[in-house]
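Subject: Structure handover

Hello,

Here is the structure I said I would pass on. My notes follow below it.

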Amino acid sequence: MTASTSPLPCIAIAGPTASGKTNGALALAAVLAQRGQASEIISVDSALVYRGMDIGTAKPTPEEQAAVPHHLIDIIDPLQSYSAAEFVQDTQRLVAEIRARGAIPLLVGGTMLYFKALLDGIDEMPAADPEVRAKLDAQAAEIGWPAMHAELAKVDPETAARLAPGDSQRIQRALEVWHVSGQPLSSFHQAKKRAAEAGPAFDCTLFSLEPNDRAWLHARIAQRYESMLNAGFIDEVKALRARGDLNPDLPSMRCVGYRQVWEELDWQERKGATDINLHLVREKGIAATRQLAKRQITWLRSMPQRHTIACDDPLATMKLVEAALRYLPQG
């Protein structure tokens, strides 16, 4: 590599929840530091962007964040939203800044939509329009989301065909795009496909931590969720509810784990119960996290460019570091 003409490489570490991404990234950063090479971590996680949501997101500890510079963590309030387009824009800027400091960017996380948007390009769709969304919400409150789905089928049958009648979030977005742009959501997806055929939108080496034995990952998920509960996760959600300006339909409160605790706290409030049903919270939270992991693995398998490391291998972290080092300049 010629330093004057070639930028420092970029390493991405993806994987389902609880697969060991943070440990792997920190281990790689430590080895690079021993070699005299600085690195910085960019979080690829749609939940870590929120302030005040630490326990349920398994946010890197202050000590871990102090060991290696981290980015895109604690950048917005839970009342706000953060899109894949914003992530791509921020990440492209951060990668350039990190390289300018002579450091290697490490992209680490499990939000596959962010990875896909970064690596394959993103639809040039209209930004969210709060006024249009409010009107759609009001209409849905009157006629229901299945009827809204039928309305979508009239203007964008291709998108409607792939959405369930109760998928309120995606139906709302598709109708919003139609109202704002006058074009169906499917037309933007087709444009994205044409752009993807033209070549990669972002150049990095992608490593994926995936289990050979799904039971291993399920056990890790259960163990981590139990640790979250013991660390005060329910109190964290209670504090968010106590603000008074958040609701369960916000993207932040739809995060896995938070939604399930919020629902149980709602039930407790309605019934006038004195204690939350911890067993039910645990079961629902673990089940939802398993479903998330399943979706993440499905996304990963659609990325043929990835280099797979078995996360249930006892030597997974070492193998990840060794594999990544082969793509990095020698000091």
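One salt bridge to look at joins the side chains of R93 and E97, with N to O at 3.5 Å. The model is a predicted one, so please read what follows as values computed from it. R93 and E97 are both part of helix α3, which covers residues 84–100. They sit 4 residues apart, or about one turn of the helix. R93 is partly exposed, because its relative accessibility is 40% and the partly exposed class runs between 20% and 50%. E97 falls in that class as well, at 32%.

A search of the whole structure gives 19 salt bridges. Another of them pairs E210 with R306, whose closest N and O atoms are 2.5 Å apart. This pair links distant parts of the chain, with the two positions 96 residues apart in numbering. E210 belongs to strand β5 (residues 205–210), while R306 is in the loop between α13 (278–301) and β6 (307–310). Both E210 and R306 are buried.

K319 and D313 also form a salt bridge through their side chains, at 2.6 Å from N to O. K319 is partly exposed, with a relative accessible area of 36%, and D313 is partly exposed at 21%. Elsewhere, D54, K59 and D74 are joined into one network by salt bridges that share partners.

On helix packing, α4 (residues 112–120) and α13 have axes that come within 10 Å and cross at roughly 20°. An angle under 35 degrees counts as roughly parallel, so α4 and α13 are roughly parallel to each other. Their crossing is left-handed. The residues that meet are M112, L113 and K116 from α4 and Q296, W299 and L300 from α13. By class, that contact between α4 and α13 has 4 nonpolar, 1 polar and 1 charged residues.

Last, a single residue: is S43 buried or exposed? S43 is buried, because its relative accessible area is 4% and the limit for buried is under 20%. S43 lies in strand β2, residues 39–43. Leaving out residues up to four places away in sequence, S43 touches L48, H71, L72, I73, F87 and V108.

Regards

Notes: Residues numbered from 1 in each chain as written. Predicted model: local features only at pLDDT ≥ 70, side-chain atom pairs only at ≥ 80, totals over all residues. Heavy atoms only, no water. Buried < 20%, exposed > 50% of the residue type's maximum accessible area, 1.4 Å probe, protein only. Contact = heavy atoms within 4.5 Å. Salt bridge = Lys/Arg side-chain N within 4 Å of Asp/Glu carboxyl O. Axes fitted to C-alpha atoms, helices over the stretch in contact; angles between N-to-C directions. Parallel < 35°, antiparallel > 145°, perpendicular 65-115°, else oblique. Left-handed = near helix turned anticlockwise from the far one by under 90°. Nonpolar A, V, L, I, M, F, W, Y, C, P; charged D, E, K, R; others polar.
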